[in-house]
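Welcome! Take a moment to look over the structure below, and then we will walk through how its helices pack and where its pocket lies.

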Amino acid sequence: MATNSIQNSDPKKIARWTKFQLPNRFKRIGLIICILAFFLMLGRKFTEGPLWIKPLLSNIFIIGLLMVSLAKEKIEDELIVNLRSQSYRLGFTFGVLYAILVIPLINYVVDMLVSGAEEATFEANVFEVLITMLAIQLLFFHKFKKAHP
């Protein structure tokens, strides 16, 4: 009996997390967070400061994008759910391909031009991958919504 209740409770917990969304007002809050983090990152380029500020601002920027991505639409119907699912699928696919093929190639070429062939790297960091995935998802979702009035 106990085993059966554990098996039945897991799908319910998983379904609750797969349907998780933030209220619509978090879209505006996420955009404000992204804009503030962007300008703070831009300002940090021109000033000296502690090393921990850059990763903190990067993480805050990602959290802002995630809030925008997870926020409900004013009218959340089956079409929006389907478009959101398609945009996540495309965002993940293109994000992974971009992270595997494009980002390392660009980093390698820039490193070769700046520091020489012996110090060139061929890798992408987590920030670039997450930003790419979230940005592509948001762009496709926006494009899909405009295509289906």
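## Helix 2 against helix 3

Keep in mind that this is a predicted model. Let's begin with helix 2 and helix 3, whose axes lie 7 Å apart and pack at an angle of about 155°. Angles over 145 degrees count as roughly antiparallel, and helix 2 and helix 3 are therefore roughly antiparallel to each other. Where helix 2 passes helix 3, the crossing is left-handed.

Which kinds of residue make up the contact of helix 2 with helix 3? By class, there are 16 nonpolar, three polar and three charged residues. To find them in the structure, look on helix 2 for residues including Phe 26, Ile 33, Phe 38 and Met 41. On the helix 3 side, the residues they meet include Leu 57, Phe 61, Gly 64 and Leu 65.

## Helix 3 beside helix 5

Now follow helix 3 to another partner. The axes of helix 3 and helix 5 come within 10 Å, crossing at roughly 25°. That makes helix 3 roughly parallel to helix 5, and their crossing is left-handed.

Helix 3 brings Ser 58, Phe 61, Ile 62, Leu 65, Leu 66, Val 68 and Ser 69 to this contact. Helix 5 answers with Phe 127, Leu 130, Ile 131, Leu 134, Gln 137 and Leu 138. Sorted by class, the residues of this contact are 10 nonpolar, three polar and no charged. Phe 61 and Leu 65 may look familiar: they also belong to the part of helix 3 that meets helix 2.

## Helix 4 across helix 5

Helix 5 also packs with helix 4, which spans residues 78-115. Here the axes come within 7 Å and cross at roughly 140°. Helix 4 and helix 5 are therefore oblique to each other. Helix 4 passes helix 5 in a right-handed crossing. The contact of helix 4 with helix 5 has 16 nonpolar, seven polar and three charged residues.

## The largest pocket

Where is there empty space? The largest pocket has a volume of about 280 Å³. It is lined by 15 residues, and the closest to its centre are Lys 27, Leu 31, Val 68, Glu 73 and Lys 145.

Which helices each supply at least two residues of this lining? They are helix 2 (25-45), helix 3 (53-70) and helix 5 (126-147). The lining of the largest pocket has seven charged, five nonpolar and three polar residues. Two of the residues close to the centre link back to the packing above: Leu 31 of helix 2 and Val 68 of helix 3 both take part in the contact between those helices.

Key. Residues are numbered from 1 along each chain as its sequence is written. This is a predicted model: local features need pLDDT of at least 70, side-chain atom pairs count only at pLDDT 80 or more; totals for chains, interfaces and linings use all residues. Side-chain values use heavy atoms; hydrogens and water are left out. On a 1 Å grid over the protein atoms alone, a cavity is a set of points where a 1.4 Å probe fits but cannot get out, and a pocket is an open set with protein on both sides within 12 Å along at least five of seven lines; lining residues have an atom within 4 Å of a point. Grid points are joined across faces, edges and corners, and a volume is the space filled by probe spheres set on the points. Helices (H or I, at least four residues) and strands (E, at least two) are DSSP runs, numbered from the N terminus. Ala, Val, Leu, Ile, Met, Phe, Trp, Tyr, Cys and Pro count as nonpolar, Asp, Glu, Lys and Arg as charged, and the others, Gly among them, as polar. Axes are lines fitted to C-alpha atoms, for helices over the stretch in contact, and angles run from 0 to 180 degrees between N-to-C directions. Angles under 35 degrees count as roughly parallel, over 145 as roughly antiparallel, 65 to 115 as roughly perpendicular and the rest as oblique. A crossing is left-handed if the near helix is turned anticlockwise from the far one by less than a right angle, and right-handed if clockwise. Contact means heavy atoms within 4.5 Å.
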